[in-house]
Amino acid sequence: MKIGIIGGGQLARMLILAGYPLGLDFTVLDPAPDACAAPLCDHLCAPYDDPAALARLAEECEVITYEFENVSLEALEKLAGKCAIYPPLKALAESRDRLREKTLFQSLEIPTTRFLAIDRFEELETAPRILGWPFLLKTRRFGYDGKGQHLIRHRQDMETAWQALQGQPLIGESFIPFQREVSIIGVRNRQGDIAFYPLSENVHKQGILHISRSRAGDSQTETARALARRLMEHLDYVGVLALEMFELNGRLLANEMAPRVHNSGHWTIEGAETSQFENHLRAILGLPLGETKALQHTAMVNFIGVLPEPADVLEQPGAHLHIYGKAERPGRKVGHATVRAPDSKTLEIRLHQLLALLP
Ligand code: AMP
C-alpha cells in the first residue's frame with residue numbers, strides 16, 4: 001500500500017521510518033531535489049501545487065497526507081473524489097489562517113488570547129484599546145517558528161512592524177505573560193476512535209521549539225484533552241492533531257493547532273508505546289490506534305542550525321539521536337535527541353548533560 005506525502009522534510013522522513021515496519025510504501029512531493037525524505041522513498045520533484053504531480057500522487061497512492069499547513073488548498077480540492085486526503089481539508093483551511101483558527105477556537109469555547117484582524121494602519125493604532133499593551137502583530141498566513149511576527153511595546157514600534165508586514169493580511173494578539181507553554185497531541189482514526197498522548201511541556205527559543213518534556217499525570221492533562229477532543233470532533237478529524245497552548249494563572253489559552261504530526265511529539269518515538277508517526281499512519285489508513293502511554297520520563301532537544309558531535313550524544317545514558325540529513329544552516333531544524341530516564345530527577349540531569357553538548 002502506498003501513501004503520498006506532500007512535503008519531503010523531516011516529518012515526512014519520520015512518517016516513512018514509522019511506516020516501513022507496517023509494510024507501507026511512500027511517495028513524497030517536494031520541489032527540493034535534496035528533500036531529506038527523498039532518499040527513503042519515491043520522490044516527485046515538483047512544486048507542491050503542480051497539478052500533474054498531484055494527479056500522479058493521487059493515482060499512485062491509497063491516501064495522501066501532508067507535513068505542513070501551507071499546502072495549496074485549491075490544488076488539493078481538485079483531487080477530492082480521486083483519492084482520500086487526511087487530515088481533512090476543512091482542518092487545513094482553518095489552521096493555516098490565524099484569524100480563522102482563533103475564530104474557530106472562540107466558536108467552540110476554546111479559550112484563546114484576545115485578537116483582532118488588522119488590515120489598515122489605523123486599525124493597528126487603535127488595537128491597544130482592545131488588546132492592551134504589549135501586543136503582537138502577526139501575519140495571518142505563512143508564519144511558523146515565530147516568523148512573521150512583531151512584538152509591539154510602544155507606539156514607536158508600530159511603524160517598524162507595519163513597514164515589515166504590511167501588504168499581507170494581519171492579526172493582532174494580546175501578549176500572554178504565560179507561566180509555561182504546553183501542547184496536547186491527539187489522534188483520531190477513520191472510525192472516530194480517539195487517543196491522546198501525555199501533555200508535552202515546551203520551551204521555545206527565539207520562537208523555535210527548543211525542548212519538549214513529556215508530562216504524564218500533569219494537572220492540565222484532562223482540560224487540554226477535552227479542548228482538543230472538541231476540535232477533533234467538530235472537524236471530523238482524521239490523523240494526528242497538535243494543539244499548542246499557553247498556561248496563564250492556571251488557565252489554558254489555545255495559541256494554535258497543527259493538523260499534522262508535530263515537533264512537540266517527537267519524544268513519542270522512544271518515549272511512548274506507539275509513536276505519533278505510527279499512529280498518524282494507523283489513523284489515516286483506518287487501522288486500530290496504538291497505545292499512547294509514556295514508557296518513561298522523556299524529553300526532546302531540537303538541534304537548530306548545527307548538530308552536536310554524534311558520538312557525544314550517543315554516549316549519554318538514555319539518549320537517542322535523530323539526524324535529518326539536511327545541510328546545516330542558521331535557524332534550520334537539522335536533528336533532535338530524545339532522552340529517557342526512570343524518574344524526573346534523573347531526566348533533568350541527563351537533559352542538562354545533553355544541553356551542554358549543544359554548540
Ligand atoms: P507561533 O508562531 O504563534 O507559534 O509563536 C511562536 C512562539 O511565540 C510561541 O510558542 C510563543 O513562545 C510566542 N508567542 C506567540 N504568540 C504569543 C502571544 N500571544 N503571547 C505570548 N507569546 C506568544
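Let me begin with the largest nonpolar core of this predicted model, which has 36 residues, and in which Ile5, Ile16, Phe26, Val28, Phe277, Leu281 and Ile284 touch the most other members. At least two residues of this core come from each of β1 (2–6), α1 (10–19), β2 (25–29), β10 (180–188), β14 (239–248) and α10 (276–284), and the element that gives the most is α1, with six residues. In terms of domains, the core draws at least three residues from domain 1 (2–85) and at least three from domain 3 (180–355). As general background, nonpolar side chains in soluble globular proteins tend to be buried together.

If you would like one residue to look at here, take Ile16, which, leaving aside its neighbours within four places in sequence, is in contact with Ile5, Phe26, Val28, Ala37, Leu40 and Cys41. There is also a second, separate core, this one of 23 residues, and Ile194, Ala228, Leu231 and Met257 are among them.

Let me now turn to the domains. The protein chain is divided into domain 1 (2–85), domain 2 (114–174) and domain 3 (180–355), and the C-alpha centres of domain 1 and domain 3 lie 23 Å apart. How many residues does each of these two domains bring to the contact? Domain 1 contributes 19 residues, and domain 3 contributes 21 residues. The area buried between domain 1 and domain 3 is about 1700 Å², and carbon and sulfur atoms give 72% of that area.

Next comes helix α2, which spans residues 51–60 and in which Ala53, Leu54, Leu57 and Ala58 are buried. These residues are on the same side of α2, because they cover an arc of only 140° around the axis. On the other side of the helix, Pro51, Ala52 and Glu59 are exposed. Which elements cover the buried residues of α2? The covering elements include β1, β2, β3 (42–44), β4 (63–66) and α3 (73–77). At the N-terminal end, α2 is capped by Asp50, with a side-chain oxygen that lies 3.2 Å from the backbone nitrogen of Ala52.

I would like to finish with two polar residues, and to start with Ser183, which is found in strand β10. Is Ser183 buried or exposed? Ser183 counts as buried, because its relative accessibility is 0%. Its side chain makes a polar contact of 3.0 Å with the side chain of Asn202, and another, of 2.7 Å, with the side chain of Ser264. Not counting residues up to four places away in sequence, Ser183 touches Leu199, Ser200, Asn202, Leu243, Glu244, Met245 and Ser264.

The other residue is Arg213, which is found in strand β13 (residues 208–215). Why does Arg213 count as buried? The reason is its relative accessibility of 13%, which falls under the cut-off of 20%. The side chain of Arg213 makes a polar contact with the side chain of Glu348, at 2.8 Å. Once its neighbours within four places in sequence are left aside, Arg213 is in contact with Leu199, Ser200, Glu201, Val203, Thr298, Ala299, Glu348 and Leu351. If you compare the two lists, you will find Leu199 and Ser200 among the residues in contact with Arg213 and also among those that Ser183 touches.

Notes:
Residues numbered from 1 in each chain as written. Predicted model: local features only at pLDDT ≥ 70, side-chain atom pairs only at ≥ 80, totals over all residues. Heavy atoms only, no water. Helix = DSSP H or I, 4+ residues; strand = E, 2+ residues; numbered from the N terminus. Buried < 20%, exposed > 50% of the residue type's maximum accessible area, 1.4 Å probe, protein only. Polar contact = N/O pair within 3.5 Å; in protein donor to acceptor, adjacent residues only side chain to side chain. Contact = heavy atoms within 4.5 Å. Core = buried A, V, L, I, M, F, W, Y, C linked by side-chain atoms within 4.5 Å. Domains from an automatic or database assignment. Arc of directions from axis to C-beta. Buried area = accessible area lost by both parts, 1.4 Å probe.
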